[in-house]
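The exercises below are meant to be worked through with the sequence and the model side by side. Try each task before reading its solution.

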Amino acid sequence: MINVPKGTKDVLPSESFKWHYVEKAAAKTAELFGLKEIRTPVFEHTELFLRGVGETTDIVNKEMYTFTDKGGRSVTLKPEGTAGVARCFIENALFNAPLPLKTYYITPVFRYEKPQSGRLREHHQFGVEIFGSYSAKTDAEVIMIAKTLFDTLGLKNLELNINNIGCPKCRAGYNAALKKYFADRIDGMCKSCKERLEKNPLRILDCKEEQCKKAVSGAPSVSDYLCDDCLAHRKDLEDTLDLLGVEYKVNPNIVRGLDYYTGTVFEFISKDIGAQGTVCGGGRYNNLVEEVGGKSVPAVGFGMGLERLILTLEGLGLMPAHDGGVKIYLASIGDKAQKEVLKLTYELRKHGISADCDCMDRSVKAQMKYADKTAAEYTAVIGDDEIEAAAAELKNMANGSVSRVAFKDITRFLKDN
Ligand code: ATP
Ligand code: MG
């Protein structure tokens, strides 16, 4: 037997409604805020991610699905959504579009990781990117999109953690302070952190290894190193969130796993799904567009893990139980009725009513069993008598009530009920 690749998952027909549920809610929320969908390819030139995501990140170092195609080019399955959108922004000169340019996407993401609950090799993200605004009001807007979606889905206990990791100007001083602090403690820390110390000490703050967390707890705080501009930006964001009545925690250890972040970073953390609790992570990346070859355009966005979102909803009993079956199943007795039912079924579908009937010459008992198991809302059995009268008894499967309806009125009846 050929199995699904490790770290990937099928979505079965009986589960796809969960995906529709969150994807529709996400798209609707984004559109409420004036965002338009953007779609970029599933693979890009590897160089885009080397330059965009950064060579010192775990993603680029260890997690990318990179291969050489038949034309000898190095391509990579997208390990995150932002770099491709930034590439598209530059290539299509979208800086000439009215700014801010507000976009969202729902995309598969590929990372070679150790699979566990909430951590897959193919996962899916709802992402948002807003280009062209330096304002902290835009950071707040991005945060509000995630928050509004969580509210819509009934998720109340996600904790919003925010931080400001400084701009290149103030980051240098902070990096130096971190290097100095961790240099004395590095012996007891993990292998990755030993590598991070020289190349990207900020990333040590994000390490999930127990032996490193202890050292992190006493590390210098970024707040002491921010320049006046970053301090003012941070205050503006906090004031805006206060104004909008959003609760948040300032958490100096939120640094995010990608190199492109500048200034604001944030995460929404779920307490209900165990260790992989970050459902949504985002922030500002004012240098990314320039980094991947465009002019300097500020941007801010987030990526939300849909598997983790679904796990959280299920854990809290907030996922609808199922999405039901067709509106009506038309069972038939005999050849003549089968033909009539086939025509009626297509007629109903043409009028926008989901309908189904038998195509396998099964007994009426088998047909009714199928209707029941697939959760049809109404059923009707059509035989010679019904054809003669041009009317059928429609049974409401939930409460058992029966209504006699003329064939020509079935569409109307089902639209009204
Ligand atoms: P983590 O710290 O959990 O590895 P990350 O910082 O790598 O997350 P991002 O790159 O910010 O994550 O991705 C945005 C969101 O996508 C995460 O907050 C999470 O919800 C989800 N996500 C990331 N990696 C995975 C994965 N391997 N499997 C499932 N969901 C993931
Ligand atoms: Mg990760």
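## Exercise 1: The surroundings of the ligand

Task: Find how many residues surround ligand 1 and which are the closest.

Solution: Ligand 1 is surrounded by 17 residues, and the closest are Arg111, Glu113, Lys208, Arg256 and Thr278; here a residue is near a molecule or strand if one of its heavy atoms lies within 4 Å of it. This is a predicted model, in which local features need pLDDT of at least 70 and side-chain atom pairs count only at pLDDT 80 or more, whereas totals for chains, interfaces and linings use all residues. Residues are numbered from 1 along each chain as its sequence is written, chains are lettered from A and ligands numbered from 1 in the order in which they are written, and side-chain values use heavy atoms, with hydrogens and water left out.

Next, sort the shell around ligand 1 by class, which gives 4 nonpolar, 7 polar and 6 charged residues. In this sorting Ala, Val, Leu, Ile, Met, Phe, Trp, Tyr, Cys and Pro count as nonpolar, Asp, Glu, Lys and Arg as charged, and the others, Gly among them, as polar.

Then ask which strands contribute to the shell: strand 6 (122–131), strand 10 (278–284) and strand 11 (299–305) each supply at least two of its residues, and strand 10 gives the largest share, with 4 residues. Strands (E, at least two residues) and helices (H or I, at least four) are DSSP runs, numbered from the N terminus.

## Exercise 2: Polar contacts and cover

Task: State how far an oxygen atom of ligand 1 is from an N or O atom in the side chain of arginine 119, and look for similar contacts.

Solution: For arginine 119 the distance is 2.8 Å. For arginine 308, an N or O atom of the side chain is 3.0 Å from an oxygen atom of ligand 1, and for glutamine 125 a polar side-chain atom lies 3.1 Å from a ligand oxygen. The protein covers 93% of the 580 Å² of accessible area that ligand 1 has on its own; accessible areas come from the Shrake-Rupley method with a 1.4 Å probe, and for residues only the protein chains shown count as cover.

## Exercise 3: Two open sheets

Task: Work out in what order the strands of the open sheet of 8 strands are arranged.

Solution: The order is 1-5-6-11-10-9-7-8, and the pairing is mixed; two strands pair if DSSP finds at least two bridges between them. At the edges are strand 1 (36–37) and strand 8 (249–250), each of which pairs on one side only. Strand 1 runs parallel to strand 5 (residues 101–110), joined to it by 2 bridges, and lysine 36 stands opposite threonine 103 in strand 5.

Now turn to the open sheet of 3 strands, which has the order 2-4-3 and antiparallel pairing. Its edge strands are strand 2 (43–45) and strand 3 (66–68). Strand 3 pairs with strand 4 (residues 74–77) over 3 bridges in the antiparallel sense, with threonine 66 opposite threonine 76.

## Exercise 4: A strand under cover

Task: Decide why strand 12 (residues 328–332) is described as largely enclosed by the rest of the structure.

Solution: Begin with the count, since 5 of the 5 residues of strand 12 are buried and the strand is therefore largely enclosed; buried means under 20% relative accessible area, exposed over 50%, and partly exposed in between (1.4 Å probe, protein chains only). In a regular strand the side chains alternate between the two faces of the sheet. Both faces of strand 12 are covered, with Ile328, Leu330 and Ser332 buried on one side and Tyr329 and Ala331 on the other. Strand 12 pairs in the parallel sense with strand 13 (residues 355–357) over 3 bridges, and the bridge partner of isoleucine 328 there is alanine 355.

## Exercise 5: Backbone exceptions

Task: Find which kind of peptide bond joins leucine 99 and proline 100, and examine alanine 93 as well.

Solution: Most residues other than glycine have a negative phi, and most peptide bonds are trans. Leucine 99 and proline 100 are joined by a cis peptide bond, with omega about 0°. Proline 100 has its place in the loop between helix 4 (82–91) and strand 5, and alanine 93 lies in the loop between helix 4 and strand 5 too. Phi of alanine 93 is near 50°, a positive value in a residue other than glycine, and at 28% relative accessibility alanine 93 counts as partly exposed.

Conventions
A polar contact is a pair of N or O atoms within 3.5 Å; within protein, one must be able to donate a hydrogen and the other to accept it, and residues adjacent in sequence count only if both atoms are side-chain atoms.
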